[in-house]
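Trainee: I've got a model open and would like to talk through its contacts and its empty spaces. Can we take it one question at a time?

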Amino acid sequence: MTSTTPPLLSVQGLHVAFPGRRGAADARAVDGVDLDIRRGEIVALVGESGCGKTTLARSLLGLVEPTGGRVTFDGSPLARSGRALKEYRRRAQLVLQDPSGSLNPRHTVYDIVAEGLRIHGHPGDERAAVAEALSRAGLRPPERFFLRYPHELSGGQRQRVVIAGALVLEPELLVADEPVASLDASVRGEILALLLRLRTDLGLAALVVTHDLGLAWNIADRVAVMYLGRIVETGPVEQVLTAPRHPYTQALLSVLPEAPGTPVVLTGEPPDPSFIPSGCRFHVRCQVLAGGAAERAGVADACRHEDPAVLSGGDRAQVACHWARARTEEPAAGTGDGATVRPG
Ligand SMILES: Nc1ncnc2c1ncn2[C@@H]1O[C@H](COP(=O)(O)OP(=O)(O)O)[C@@H](O)[C@H]1O
Ligand code: SF4
Ligand SMILES: [Mg+2]
């Protein structure tokens, strides 16, 4: 896919805020995100727990109402109701991890997979469609699974049933929220291989949400690193994960078991979207600012007072950090929210 092909999904200036409890400030869970996903592309959305990944994923599917910005799919703005929203919910499917209770324990595998077809009034042969989806999800021969119940299956098989339930509607985009987080390492590899095969065989695009950078490495073409409601670094997966530029990405990578060098221990409070620091939102925890490197690069003041510009969509490598941009002599734009920097 080249950057001249229009994206399948495009998000511009997206905000999702939840009202604060008992007089507290609103929780700005998604706070100005631009993101594109192209046909057949797998994008990994990574970041610590609580940084807004699930809220972003759900807002892309119309399951959470954004408080600002826009989402377009295949060139049209996302419908908020009616037939157009229903049709969108066929074309873009959410894949949850099974332990979050996405499979009804009282329904057979057949009924679970057929449910979407019934909701959408599928005109064709239901049995054939269910068999095909199970088969694509690697449950073969499919008929052997029709009458089984979720508790009779292994964790990996249950996750395959969840995926079959999405595939049966022949979607163009999968949004998978932590699809393998609770599976054993060996099964995890099998499910990831399945997602990759679906991209090759069906041209499916996917947004894979994960707090696990190792997983992103194995599956994605592109990675978007999220911190406190923003994408702070994005680019091709090899580039971002072998030569991370944002101190946050560097810290996340440094704690992987296979990482060389000393792990970076992030200091300061865990991120809270009701209290987003001014300036660079990461500055209160940033090891580069704390260690003096930002000062030496002459950007420490900007770190504390200027919000690095929002990254644009597209598939080029970009970083929202005054220090990283100063090092490569990119314009150190600090216009913050709403402004878009198109580097290069
Ligand atoms: N319905 C909600 N009401 C209030 N706050 C919420 C709601 N959903 C999520 N949040 C808050 O938004 C932030 C981001 O949450 P989430 O999107 O689940 O992050 P992640 O998936 O990265 O762990 C968290 O601080 C969470 O507490
Ligand atoms: S802008 Fe400054 S504080 Fe923010 S991540 Fe970069 S170096 Fe750290
Ligand atoms: Mg989540």
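Mentor: Sure, and keep in mind that this is a predicted model. Let's start with a pair in helix H4 (residues 126-136): glutamate 132 and arginine 136 sit four residues apart there, so about one helical turn separates them.

Trainee: What contact does glutamate 132 form with arginine 136, and how far apart are the closest N and O atoms?

Mentor: Think about the helix geometry before the distance. An α-helix has 3.6 residues a turn, so residues three or four places apart point the same way. Glutamate 132 and arginine 136 fit that spacing, being four residues apart in H4. The contact is a salt bridge, and its closest N and O atoms are 3.2 Å apart.

Trainee: Is glutamate 132 buried or exposed, or partly exposed?

Mentor: The cut-offs are under 20% for buried and over 50% for exposed. Arginine 136, at 32% relative accessibility, lands in between. Glutamate 132 does too, at 44%, so the answer is partly exposed.

Trainee: Which residues are joined into one network by salt bridges that share partners?

Mentor: One link in it is the salt bridge between the side chains of arginine 28 and aspartate 31, at 3.1 Å from N to O. Arginine 28 is partly exposed at 33% relative accessibility, whereas aspartate 31 is buried, at 2%. The whole network is Arg28, Asp31, Arg230, Arg281 and Asp307.

Trainee: How many salt bridges does the structure hold?

Mentor: You've now met two of them, and here's another: the side chains of aspartate 111 and arginine 118 meet at 3.2 Å, N to O. Aspartate 111 is partly exposed at 28% relative accessibility, and arginine 118 is partly exposed at 44%. Over the structure, the count of salt bridges is 19.

Trainee: On to empty space. What is the volume of the largest cavity?

Mentor: Rolling a probe the size of a water molecule over the atoms shows where empty space is left. Here there are three cavities of 30 Å³ or more. The largest cavity holds about 90 Å³.

Trainee: Which residues are the closest to the centre of the largest cavity?

Mentor: The elements giving two or more residues to its lining are helix H10 (287-290) and helix H13 (322-327). By class, that lining has 12 nonpolar, three polar and no charged residues. Of the 15 lining residues, the closest to the centre are Pro247, Cys280, Cys286, Cys303 and Cys321.

Trainee: And which space is taken by ligand 2?

Mentor: Look at what surrounds ligand 2: among the residues are Pro247, Cys280, Cys286, Cys303 and Cys321, and those names also came up as the closest to the centre of the largest cavity. The shell around ligand 2 has eight nonpolar, three polar and no charged residues. The space taken by ligand 2 is the largest cavity.

Trainee: Which element gives the most to the lining of the second largest cavity?

Mentor: That cavity has a volume of about 70 Å³. Its lining includes Arg230, Arg281 and Asp307, which also belong to the salt-bridge network. By class the lining has seven nonpolar, one polar and three charged residues. With three residues, the element that gives the most is strand S10 (residues 230-236).

Trainee: What about pockets: how much space lies in the largest pocket?

Mentor: Two or more lining residues each come from strand S6 (92-95), helix H3 (109-119) and helix H5 (155-167). Of the 22 residues lining the largest pocket, the closest to its centre are Gln93, Leu94, Glu115, Gly116 and Gly165. By class there are 13 nonpolar, seven polar and two charged residues in the lining. The space in the largest pocket is about 620 Å³.

Trainee: Last one: which residues of H1 are buried?

Mentor: Arginine 58 is found in helix H1 (residues 53-60), but with a relative accessible area of 32% it is partly exposed. Six of the eight residues of H1 are buried, so the helix is largely enclosed by the rest of the structure. Just after H1, glycine 62 takes a positive phi of about 75 degrees. The buried residues of H1 are Lys53, Thr55, Leu56, Ala57, Ser59 and Leu60.

Definitions and conventions. Residues numbered from 1 in each chain as written. Chains lettered and ligands numbered in written order. Predicted model: local features only at pLDDT ≥ 70, side-chain atom pairs only at ≥ 80, totals over all residues. Heavy atoms only, no water. Salt bridge = Lys/Arg side-chain N within 4 Å of Asp/Glu carboxyl O. Buried < 20%, exposed > 50% of the residue type's maximum accessible area, 1.4 Å probe, protein only. 1 Å grid on protein atoms, 1.4 Å probe; cavity = no way out; pocket = protein on both sides within 12 Å on 5 of 7 lines; lining within 4 Å. Points joined across faces, edges and corners; volume = space filled by probe spheres on them. Nonpolar A, V, L, I, M, F, W, Y, C, P; charged D, E, K, R; others polar. Near = heavy atom within 4 Å. Sits in = over half its atoms within 2 Å of the grid points.
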